[in-house]
Amino acid sequence: MGFRQIYIKEAKKLSTSDNCLDIIKGEGKTDVSFPLEDLDLIFVEDPNVVVTSRLLSQLSKYGISMIFCGPNYLPATITVPMNGHYLQSSLLDLQLKLLPSKKNKFWETIIKAKINNQMKVLENTNNDVETFLRLKEYCSQVKFGDEKNMEGQAAKEYFKALFGSDFIRFSDTAISSALNYGYSILTGAIIRTVAFAGLNDNLGIWHHSSQNANNLSCDLVEPFRPIVDYCVYNNLNSLTLPLSMEIRKKLVNLLNYYVLVDGKKYQVSYAISLLVNDYVNYLKDGDIEHVKMPSFFVNDATNGL
């Protein structure tokens, strides 16, 4: 798996030769190429770009996903590799046999990690001590499967503390648009990693919608979401509708932001792989102690966000 994300604002054609991604920009512009082995995600905004079938086949071979945006710049379509793992059938069997008690324990661990990261974001933004302490209390009350929905209560207070008492999460605002964009980037990276690991993304831990083909990825993205919140908070004065290219590029670049996993620093793109791998091991041994969640900390990996 690669380490580089490619953001394509405008191009005439995307193809491949000599195991490279070739970006053909058109008359009067310089074409560029990138080794496929270096890539893990290609992000395409140009609605008119031509993509060759040979390139799509090569992307699958290398485990690279390509995300295409709609007219609102939000990710609309993602390509993922098929048959990316030799143990795909046995992993499906393990997913189907995962006991509800094991699902609930894993979900509890995810939600605790998410709320802890929200607390760290508050510490490093407006330092709202009262909300921080309430989130700390909510986190302590997260039990088996989060039956009391501490996640929802924490999110309600967290977003109002971060973006103001009038903020409504799914409102038609620049803040919500930026959050949606950033979450979609992270979820897209997880969808690709889940597919490459040989897991069935329909089979979630907590999410189980029959209309969602990515239930598992929607579960695993939760502890990473506060990274987007932190970036959006630090760029509030630059947010517009539609989102500017500068903001979109910053949000894509969050895959290069660093988090802590078991006390060690890893880029988000790699930390995603670690979490997916931990979930695979959890399916096999059921030992939650071996599952290490990402932990937010402030760093300058994306030029201060």
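Colleague: Before we start, how do you tell a right-handed helix crossing from a left-handed one?

Modeller: Look at the near helix against the far one: turned clockwise by less than a right angle, the crossing is right-handed, and anticlockwise makes it left-handed. In this predicted model, the crossing of α6 and α10 is right-handed.

Colleague: What makes α6 oblique to α10?

Modeller: Their axes cross at roughly 45° and come within 10 Å. Roughly parallel would need an angle under 35 degrees, and roughly perpendicular runs from 65 to 115. The crossing angle fits neither range, so α6 counts as oblique to α10.

Colleague: Which residues meet there?

Modeller: From α6 you have L186, A189, I190, T193 and V194, and they meet V268, I272, S273 and V276 of α10. Sorted by type, that contact has seven nonpolar residues, two polar and no charged.

Colleague: Now the sheet. What is the order of its four strands?

Modeller: The order is β1-β5-β7-β8, in an open sheet with mixed pairing.

Colleague: Why are β1 and β8 said to stand at the edges?

Modeller: Each has a single partner strand, so one side of β1 (4-8) and one side of β8 (75-79) are left without a neighbour in the sheet. On average, neighbouring strands here are turned by 15° against each other, ignoring direction.

Colleague: How do you know that β1 and β5 pair?

Modeller: Pairing takes at least two bridges, and β1 and β5 (residues 39-44) have five, in the parallel sense. As one detail, I8 stands opposite V44 in β5.

Colleague: Which strands does α6 touch?

Modeller: Helix α6 (residues 174-196) packs on the sheet and touches β1, β5, β7 (65-69) and β8. Its direction makes about 10° with that of β8.

Colleague: Why is D146 called buried?

Modeller: The cut-off for buried is under 20% relative accessible area. D146 has 7%, so it is buried. You'll find D146 in the loop between α4 (129-140) and α5 (150-163), with a positive phi near 50° although the residue is not glycine.

Colleague: And why is N19 only called partly exposed?

Modeller: Exposed needs over 50%, and buried needs under 20%. N19 comes out at 40%, so it is partly exposed. N19 lies in the loop between β2 (13-17) and β3 (20-24), and its phi is also positive, near 60°.

Colleague: One last thing: what kind of peptide bond joins L241 and P242?

Modeller: A cis one, with omega about -5°. P242 belongs to the loop between α8 (225-233) and α9 (245-252).

Notes:
Residues numbered from 1 in each chain as written. Predicted model: local features only at pLDDT ≥ 70, side-chain atom pairs only at ≥ 80, totals over all residues. Heavy atoms only, no water. Helix = DSSP H or I, 4+ residues; strand = E, 2+ residues; numbered from the N terminus. Axes fitted to C-alpha atoms, helices over the stretch in contact; angles between N-to-C directions. Contact = heavy atoms within 4.5 Å. Parallel < 35°, antiparallel > 145°, perpendicular 65-115°, else oblique. Nonpolar A, V, L, I, M, F, W, Y, C, P; charged D, E, K, R; others polar. Buried < 20%, exposed > 50% of the residue type's maximum accessible area, 1.4 Å probe, protein only.
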